[in-house]
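Here is a short set of exercises to work through with the model open in your viewer. Try each task before you read its solution.

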Amino acid sequence: MDKDNSSLDPRQDGNPYDATDATERKVDSSSEGTEGMAGAIGAGSPDDIPTDTFASRSAVKQTVGIGRKTESGSVIFPAFDSHHPPEKDLIDDCVHCGFCLPTCPTYVLFGEEMDSPRGRIYLMNKGLEEEPLNDQMVRHFDLCLGCMACVTACPSGVQYDKLIEATRGQVERRYERSTQDKAFREMIFQLFPYPNRLRVAAAPLKLYQRFGVGDKLRKAGVMKMLPKRMLAMEALMPMLTKQQEIPEFTPAEGERRRTVGFIKGCVQRVFFSEVNAATVRVLAAEGCDVVTPKAQGCCGALSVHAGREEEFLGFARKLIDEFEDSGVDQIIINAAGCGSTLKEYGYLLRDDKAYAEKARNFSAKVRDVSEFLQELGPVAERQPLPVAAAYHDACHLAHSQGIRKQPRQTLKQIPGMEVREIKEAELCCGSAGIYNMVEPEPATELGDRKATNVLNTGARMVVTSNPGCMLQIQASLRRMGHSMPMAHPMEVLDASIRGKSVETLLLNR
Amino acid sequence: MASRQLIDRMTDILGPEGVISEREQLRAYECDGLMNYRVIPEIVVLPESAEHVQQIVRYCYDEGIPFVARGSGTGLSGGALPVESGVLIVLSRMRKIIEVDIPNQRVVVEPGVINIWVSQAVADDGYYYAPDPASQIVSSIGGNLAENSGGVHCLKYGFTTNHVMGAEIVLPDGTMVNVGGGMAPDAPGYELLGAFVGSEGTLGIATKITLRIVRKPQAVKTLLAAFKDTEEAGDAVSGIIGSGIVPAAIEMMDALCIEAVETAVHPGFPQAGAVLIVELDGPEAEVSSQFDQTIKICEEANASEIRIAEDDEERALFWKGRKAAFAAMGRIANDYYVQDAVVPRTELGAVLKRINQLGEEYEMRVANVFHAGDGNLHPLVLYDNDNPGEAEKAEDLAGRIVMTCLEHGGSLTGEHGIGRDKMKYMPKMFTDEDMDTMQLLRCAFDPHHICNPGKIFPTPRLCGERPGPFHMHPVQKAGLAENF
């Protein structure tokens, strides 16, 4: 595995200053290493992973490193090219007040300026002005979880989300990662955005879990020999349950109030299909016809958060097409990470003449399911569920979409339900898309911190709206020798509407 | 690039994780909350204990390397501006709350602990830490100590210096000492703690600080009053203070400032020429009667609207609007230059008028937000650094504003400190003799001039030495002090 997995400090990666680092790079288009890695997590057929889908290849062609002479005569390549660099205007909104520092997970962990939003924005500005993109800079950008807690904290309204996304796009196009790092990332992106592949990969996992292979390997000490990133992945894998398919059309119960489209998500669909089933039942019970296009693919959230622009654009266009003629009033998503990206389609596809307007219209229809239900108002009768639940704010719901009250409200509308707040609620749990797989060490520290705060609530279960958070908190609790039932707000609401008992709900995961 | 020897020695002390020496990483530390001055330090070190700090400082002393301490880097006078070829000692990893002693009303913390953490740690017991600078969610106690930070509530409760009971300090030669009495209200011997608090990092580095916490008041009432202009609001302030009421806080914001915070945090402030936030706290009965009186005074001063915070949530929203004021300037301007002058309360009206005139003269926007109760002004000169010459123009205007305040019997700074930013104005406020006396104190602590040099005093002088022919300082003449 790559260097950062073997060193103790996750930030000590890369070579010292090297001015050639920001020059144009050729992206290796072979899938070197992918096969072995896919095997390691149980992807049965390497043939399932095509080798010709390297989205970054076309992007590289657009990259022109414009050299610039400095007074001393040496040539410095600018860190960013002209295709969507972090915007100067947005950088200038930062007045360097530092209000973002205490809410930034990496600043909380490392206490270093460069691992804070203020520091990263400063580095972006330097990148625009004078400094080349080198290993150190990339490391600090990579370490950002993209939790957007800083966006909430910032009094100046700095749009850090746009800045870091633009920066990541530049890094992915212009910076040469180590072969191992590249292969690992590629493996993730050839797997997670494709539910069918993810399902194939998950099949042997089921056997692996049934026979307790992981535990046996752990006891035999074999696990310790796996690279840290692989260990992190293994630890995150949930117990798989039976896949529940969502019909293409689900009629409203009683009087029809809305027609909504439903997005199934990728991780949600494969690992938490019961959340989708519950969501659709709740929507129907609240008077919605639910349209769920069968062919729908990934929304591209993981790709865009990792700077894989071309790949993202492909996913986004496809998803927009799939809902084009559906005639729905709203498009509902129950995964926070997907929702925040779906709402940004209008911005992210702004350059695409054919899709810009479609994307804006699409984004305008997108609602997180809790947000939508609160707009709609409840009609279905809620049966009591006397239980104390800790509600965990998913960053992409609370910070990216500003949705905090609605899911709490949804839970509080259930008679007998007690919603407990988790200390340091604004701090990321460390899941952050693919972060806990590529940066396992900081992610583990954050996970432990979150799990401790969750346990301290004394609640009997955890409720959260993002599959990544569920996996992460579950894995962290397990590592600490605890377990706690977890549920999506829709599973809780579904249980209440269907009159299930608390005990049945607590058997959940 | 730092010398190999320096890097090696620091790595010996701190391990590689505690040392930053790559250029582009160092650049993130080239300024604090004030971006007008930037210096790339030679090396940044992140100690995790008092012993680390002591070892670093001792090495610097032995080698004659200057050093600067930095907390969260939110200071507004460039007090934590690094020194070229110097060491920047960043205390953000020393953030343990060492002891909470509720019965004795004290909390012992490391310098990197963030101000609000102290209040959070004792909130369940009904206590809080009174000094509340607007940056309290991010600024560190060590930095608060160095700057003697105030805050909106210091009118009634005093500055940091009134809430620090003792400190463990690493002196510029690496000696570790304890100053302050700890438990005693008035420690025997010289009041060295008083000299240290507010010394802007020039007398040493605090590594452990004992703070006083106070009981949360029985009742708190907050109102927001809107006025036609700052003059009318100023009348209300004079009226309230003049009537004998000591508000916990009394803050004023002008129209431009209201516009910025409205865009930023939507506190729902009325559109007006000025708003006042007045907060009273204390025993229920006292607060209640004085609050009615305050409302009456505001009405008499022609308040166009008076809003009373119905609950803690609404009160928090008022304060959020106020405390976000500086940072919110990013919404209406790319850059701003903040001043921190103090004027006698009675001169407020005249000074504000003059500030407006100056703004018009320079064709620059000046937003005003200030602690009206003690006349501590924060005029914010708005500009755009990308327009050539504008930064200089802004600084010039800010300078004129300070001079105006001095002419009206005011002072250079209320709470942000002199730092690098305002040192050139020191001679306008103090005589050479005054400053030499201060230098004598500084030299007693830092004879080699390595501890945060180039701050507070306009010309780097060694220990009472003056330009031109030597004059003995009056204090020396009297045999009370000697040259080092």
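**Exercise 1. Describe the side of chain A that touches chain B.**

Solution. Please keep in mind that this is a predicted model.

- Step 1: Begin with the contact counts: 28 residues of chain A are in contact with 32 residues of chain B.
- Step 2: Now look for the elements that give two or more residues to this side of chain A; they are α6 (117-129) and α7 (135-143) of chain A.
- Step 3: α6(A) gives the most, with four residues.
- Step 4: Sort the side of chain A by class, and you find twelve nonpolar, nine polar and seven charged residues.

**Exercise 2. Place Gly98(A) in its surroundings: is Gly98(A) buried or exposed?**

Solution.

- Step 1: Gly98(A) sits in the loop between α4 and α5 of chain A.
- Step 2: Gly98(A) has 26 other C-beta atoms within 10 Å. The cut-off for a buried residue is 20 or more, so Gly98(A) is buried.
- Step 3: Leaving out residues up to four places away in sequence, Gly98(A) touches Arg118(A), and from chain B Gly33(B), Ser72(B), Gly73(B), Thr74(B) and Val138(B).
- Step 4: For a long-range check, take Lys423(A), 325 residues from Gly98(A) along the chain; their C-alpha atoms are separated by 22 Å.

**Exercise 3. Examine two positive phi values in residues other than glycine, His96(A) and Glu424(A).**

Solution.

- Step 1: Recall the background: most residues other than glycine have a negative phi.
- Step 2: Phi of His96(A) is near 65°, while that of Glu424(A) is near 55°.
- Step 3: Locate both. His96(A) lies in the loop between α4 (88-92) and α5 (105-110) of chain A, and Glu424(A) in the loop between β9 (417-421) and α24 (435-438) of chain A.
- Step 4: Check exposure. His96(A) counts as partly exposed because it has 19 C-beta neighbours inside 10 Å; Glu424(A), with 14 such neighbours inside 10 Å, also counts as partly exposed.

**Exercise 4. How many residues of helix α27 (residues 489-497) of chain A are buried?**

Solution.

- Step 1: Nine of the nine residues are buried, so α27(A) is largely enclosed by the rest of the structure. Among them are Met490(A), Val492(A), Leu493(A) and Ile497(A), along with Glu491(A) and Asp494(A).
- Step 2: Find their packing partners in chain A: α15 (273-285), α21 (369-376), α23 (405-412), β10 (461-464), β11 (486-487) and α28 (502-506).
- Step 3: Just after α27(A), note Gly499(A), where phi is positive at about 70°.

**Exercise 5. Analyse how α8 (residues 230-242) and α10 (residues 284-300) of chain B pack.**

Solution.

- Step 1: The two helices pack at an angle of about 145°, with axes 9 Å apart, and the crossing is right-handed.
- Step 2: Ala236(B), Gly239(B) and Ile240(B) of α8(B) meet Thr294(B), Ile297(B), Cys298(B) and Glu300(B) of α10(B).
- Step 3: By class, this contact has four nonpolar, two polar and one charged residues.
- Step 4: Relate the contact to the largest nonpolar core, which has 281 residues; Ala236(B) and Ala225(B) are among those with the most contacts inside it. Ala225(B) touches residues including Ala236(B) and Cys298(B).

**Exercise 6. Decide where to read chain A with caution.**

Solution.

- Step 1: Chain A has a mean pLDDT of 82, and 79% of its residues reach 70 or more.
- Step 2: Over residues 1-76 of chain A, pLDDT stays under 50.
- Step 3: Where pLDDT is low, the predicted coordinates should not be read in detail.

Notes
Residues are numbered from 1 along each chain as its sequence is written. Chains are lettered from A and ligands numbered from 1 in the order in which they are written. This is a predicted model: local features need pLDDT of at least 70, side-chain atom pairs count only at pLDDT 80 or more; totals for chains, interfaces and linings use all residues. Two residues are in contact if their C-beta atoms, placed from the backbone, lie within 7 Å. Ala, Val, Leu, Ile, Met, Phe, Trp, Tyr, Cys and Pro count as nonpolar, Asp, Glu, Lys and Arg as charged, and the others, Gly among them, as polar. Axes are lines fitted to C-alpha atoms, for helices over the stretch in contact, and angles run from 0 to 180 degrees between N-to-C directions. A crossing is left-handed if the near helix is turned anticlockwise from the far one by less than a right angle, and right-handed if clockwise. A nonpolar core is a set of buried Ala, Val, Leu, Ile, Met, Phe, Trp, Tyr and Cys residues joined through C-beta atoms within 7 Å. A residue is buried if 20 or more other C-beta atoms lie within 10 Å of its own, exposed if 12 or fewer, and partly exposed in between; C-beta atoms are placed from the backbone. pLDDT is the predictor's confidence in each residue, from 0 to 100.
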